[in-house]
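The following exercises are to be worked with the sequence and the coordinates at hand. Each task is followed by a solution in steps.

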Amino acid sequence: QHYQLDQQVFFEVISNSSGNSVLFQRNYLRMVAGDFVPDFSLALMRKDVALAADLTGDIPQPLPVISLVADTYARAGAFDQEDCRAIIKVLD
């Protein structure tokens, strides 16, 4: 289900809660504005996520979120030259 949220209210709520972080502050408003000029390319992030997923291969019950994240980044290959924030494009 897709929810329509006021982006500024959402930003303020997260900024003033335990969900706040340096990465959230640096990236959220740029994502909303459609700014995907690369600081760290999606291709590099996809590689790192794939490496992390590979490391779970020997774990009997790996965290399901790892494969979900790896699958999501794999679907985002068309945006490899953009910033890793471009992952939002496959989540819309």
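**Exercise 1: Gln 7 and its surroundings**

Gln 7 is located in helix H1. The model in which it is examined is a predicted one.

Task: Determine whether Gln 7 is buried, partly exposed or exposed, and which residues Gln 7 touches beyond four places away in sequence.

Solution.
- Step 1. The relative accessibility of Gln 7 is 35%. Buried requires under 20% and exposed over 50%, so Gln 7 counts as partly exposed.
- Step 2. Leaving aside residues up to four places away in sequence, Gln 7 touches Tyr 28 and Val 32.
- Step 3. As for the distance to Leu 91, the C-alpha atoms of Gln 7 and Leu 91 are 16 Å apart, with a sequence separation of 84 residues.

**Exercise 2: The packing of H1 and H2**

Task: Classify the relative orientation of H1 and H2, and describe the residues of their contact by type.

Solution.
- Step 1. The axes of helix H1 (residues 7-15) and helix H2 (residues 22-32) come within 11 Å and cross at roughly 175 degrees.
- Step 2. Angles over 145 degrees count as roughly antiparallel; H1 and H2 are therefore roughly antiparallel to each other.
- Step 3. From H1, the residues Gln 7, Phe 10, Phe 11, Ile 14 and Ser 15 take part; they meet Phe 24, Gln 25, Tyr 28, Leu 29 and Val 32 of H2.
- Step 4. By type, the contact of H1 with H2 comprises seven nonpolar residues, three polar and no charged.

**Exercise 3: The nonpolar core**

Task: List the residues of the largest nonpolar core and state which element gives the most to this core.

Solution.
- Step 1. Ten residues form the largest nonpolar core: Phe 36, Leu 42, Val 49, Ala 53, Ala 70, Tyr 73, Ala 76, Ala 86, Ile 87 and Val 90.
- Step 2. Two or more residues of this core come from each of helix H3 (42-55) and helix H4 (64-75).
- Step 3. H3 gives the most, with three residues.
- Step 4. One set of contacts involves Ala 70, which touches Val 49 and Ala 53 when residues up to four places away in sequence are not counted.
- Step 5. As a general tendency, nonpolar side chains in soluble globular proteins are buried together.

**Exercise 4: Salt bridges**

Task: For the salt bridges Arg 85 with Asp 39, Asp 80 with Arg 46 and Lys 89 with Glu 82, give the N to O distance and the accessibility of each partner.

Solution.
- Step 1. The whole structure holds eight salt bridges.
- Step 2. Arg 85 and Asp 39 pair through their side chains at 3.4 Å, N to O. Arg 85 lies in the loop between H4 and helix H5 (88-91) and Asp 39 in the loop between H2 and H3, so the pair ties together parts that are 46 residues apart in sequence. Arg 85 is buried at 2% relative accessible area, whereas Asp 39 is partly exposed at 49%.
- Step 3. The side chains of Asp 80 and Arg 46 meet at 2.2 Å, N to O. Asp 80 belongs to the loop between H4 and H5 and Arg 46 to helix H3, so this pair joins parts 34 residues apart in sequence. Asp 80 is buried, at 15%; Arg 46 is partly exposed, at 27%.
- Step 4. Lys 89 and Glu 82 form a salt bridge of 2.7 Å, N to O. Lys 89 is partly exposed at 31% relative accessibility, and Glu 82 is partly exposed at 21%.
- Step 5. Salt bridges also link Arg 30, Asp 35, Asp 39, Asp 83 and Arg 85 in a network.

Conventions
Residues numbered from 1 in each chain as written. Predicted model: local features only at pLDDT ≥ 70, side-chain atom pairs only at ≥ 80, totals over all residues. Heavy atoms only, no water. Core = buried A, V, L, I, M, F, W, Y, C linked by side-chain atoms within 4.5 Å. Buried < 20%, exposed > 50% of the residue type's maximum accessible area, 1.4 Å probe, protein only. Helix = DSSP H or I, 4+ residues; strand = E, 2+ residues; numbered from the N terminus. Contact = heavy atoms within 4.5 Å. Axes fitted to C-alpha atoms, helices over the stretch in contact; angles between N-to-C directions. Parallel < 35°, antiparallel > 145°, perpendicular 65-115°, else oblique. Nonpolar A, V, L, I, M, F, W, Y, C, P; charged D, E, K, R; others polar. Salt bridge = Lys/Arg side-chain N within 4 Å of Asp/Glu carboxyl O.
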